[in-house]
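Work through the exercises below with the sequence and the model open. Each task is followed by a solution in steps.

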Amino acid sequence: MSSNQTAIFIDAGYLSALMKIKFPEIRLDLAKFTEHLSQGSSLLRTYYYTQLPEIRTVESEGEVLRRVRRAPWLVPLINNLKNVSRLKVRWGGERSVQCMRCKDITYRQKYIDVMLAIDLITLSRDKSIDRAILVAGDA
């Protein structure tokens, strides 16, 4: 194990909601954000957990790429993520839920918390990290 090895775990849904509510005029530079968070330590990797619409199960990387090609609105997100070094994107699912009372449809992340927990536990168990930085709001 390297001294001062850090992993950053980002729940993109939470971070996006926080930025929209608290800092709507600011566009977050993810590369600078992760660099700032890991100051003073060696960054092993940043794990970025996000979802694709209406995926009910975690899918292969190839299926994610096929879905991205059919969803042009995802291209800016993918291009932005390419600029972040030592980044691993973990794709979860999203499910629509209809309110019984008002019939509004909302979307809920699926599998994000489980994937994050498994990655965090695995890196800790294998002694791959000394420090974990968690960016999430529903812990």
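**Exercise 1. How many aromatic pairs are there, and how is each pair classed?**

Step 1. The model is a predicted one. Ring centres must lie within 6.5 Å for a pair, and by this rule the count comes to two aromatic pairs.

Step 2. Take F9 and Y47. Their ring centres are 5.3 Å apart and their planes meet at 5°, so this pair is stacked. Planes under 30 degrees apart count as stacked.

Step 3. Place this pair in the chain. F9 belongs to strand β1 (residues 5-11) and Y47 to strand β2 (residues 42-51). With their positions 38 residues apart, the pair links distant parts of the chain.

Step 4. Take Y47 and Y49. Here the centres are 6.4 Å apart and the planes are at 20°, so this pair is stacked too.

Step 5. Join the results: F9, Y47 and Y49 make up one aromatic cluster.

**Exercise 2. Decide whether the residues of the cluster are buried or exposed.**

Step 1. The cut-off for buried is under 20% relative accessible area.

Step 2. F9 and Y47 are buried.

Step 3. Y49 is buried, as is its partner Y47.

Step 4. For the whole protein chain, 32% of the 139 residues count as buried.

**Exercise 3. Describe the largest nonpolar core and find which elements build it.**

Step 1. This core has 13 residues. Among those with the most contacts inside it are I8, I10, L15 and Y48.

Step 2. Two or more residues each come from β1, α1 (12-22), β2 and β5 (131-135).

Step 3. The largest share, three residues, is given by α1.

Step 4. Look at I8 in detail. Leaving aside neighbours within four places in sequence, I8 is in contact with T34, L37, S38, L43, R45, T46, Y47 and I133.

Step 5. A second core, separate from this one, has 10 residues, including F9, Y47, Y49 and L116.

**Exercise 4. Which pattern of helices and strands does the protein chain follow?**

Step 1. Count the elements: the protein chain has five helices and five strands.

Step 2. Read them along the sequence: the pattern is β-α-α-β-α-α-β-β-α-β.

Step 3. Consider the contacts with a separation of 6 or more: residues 24 or more positions apart account for 75% of them in the protein chain.

Step 4. Turn to the surface: the protein chain exposes about 9,000 Å², and carbon and sulfur atoms supply 53% of that area.

Methods:
Residues numbered from 1 in each chain as written. Predicted model: local features only at pLDDT ≥ 70, side-chain atom pairs only at ≥ 80, totals over all residues. Heavy atoms only, no water. Phe/Tyr/Trp six-rings, centres within 6.5 Å; stacked < 30°, edge-to-face > 60°. Helix = DSSP H or I, 4+ residues; strand = E, 2+ residues; numbered from the N terminus. Buried < 20%, exposed > 50% of the residue type's maximum accessible area, 1.4 Å probe, protein only. Core = buried A, V, L, I, M, F, W, Y, C linked by side-chain atoms within 4.5 Å. Contact = heavy atoms within 4.5 Å. Areas by Shrake-Rupley, 256 points an atom, 1.4 Å probe, with all protein chains shown as cover.
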